[in-house]
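Trainee: I would like to go through the terms used for this model and ask what each one rests on.

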Amino acid sequence: MRGLIAAALPTQGGTLLEGYCGGGFFTEVVAGRFRRVIAVDNDPRTLRDAHRLKLTNVEWRDADVAYVLPDELRENAGKDVVVLLDPPREGLPVRLAEALCIDPVAHLTYVSCDPATLARDARMLTKPYELISVQPIDLFSRTAQIECISVWQRKN
């Protein structure tokens, strides 16, 4: 999955806003492409693991993604910003989905573990974004869980 995420993101950029970063599983392989990374999660245990990565351009934040990323999107509107999201099964909080629509970024990669919540969120995201690709991954065979990596680009 890390290779697929690396392939889905731009090869270089200004700022990466990563929501639901956990222990830095994806951050570790893509941080070097960006001048600055703001990685947010509200689980102090996993963030403790993330700090061990010693990535000098990453600012780890122990906070609620639904509140931090909308503020960052507003502050960085019009700048070179990429968003990477890997939310829990519930999908995106409405506050965050709305912020992504109000201040759309050039590139959004959204990892979902529930096709139903991805479909729900996609209804909102299709207003300012074009869906470029969706890569389903069956990590948990014989279950209904399907991971999906969706890549979105801001409409002109």
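Trainee: Why is Y20 called buried?

Mentor: Y20 has a relative accessibility of 16%, and buried means under 20% relative accessible area (exposed is over 50%, partly exposed in between, with a 1.4 Å probe and protein chains only), so Y20 counts as buried. This is a predicted model, in which local features need pLDDT of at least 70 and side-chain atom pairs count only at pLDDT 80 or more, while totals for chains, interfaces and linings use all residues. Residues are numbered from 1 along each chain as its sequence is written, and side-chain values use heavy atoms, with hydrogens and water left out.

Trainee: What makes the phi of Y20 worth a remark?

Mentor: Most residues other than glycine have a negative phi. Y20 is not a glycine, yet its phi is positive, about 65°.

Trainee: Why is K54 called exposed?

Mentor: Its relative accessibility is 68%, which is over the 50% limit, so K54 counts as exposed. K54 also has a positive phi, about 55°, without being a glycine.

Trainee: How do you know that E72 and R61 form a salt bridge?

Mentor: The term asks for a side-chain nitrogen of Lys or Arg within 4 Å of a carboxyl oxygen of Asp or Glu; for E72 and R61 the N to O distance is 3.0 Å, so the pair qualifies.

Trainee: Is E72 buried or exposed?

Mentor: E72 has a relative accessible area of 5%, and therefore counts as buried.

Trainee: How far apart are R74 and D71 in helix α4?

Mentor: They are three residues apart, which means a separation of about one helical turn, and their closest N and O atoms are 2.4 Å apart in a salt bridge.

Technical notes:
Helix = DSSP H or I, 4+ residues; strand = E, 2+ residues; numbered from the N terminus.
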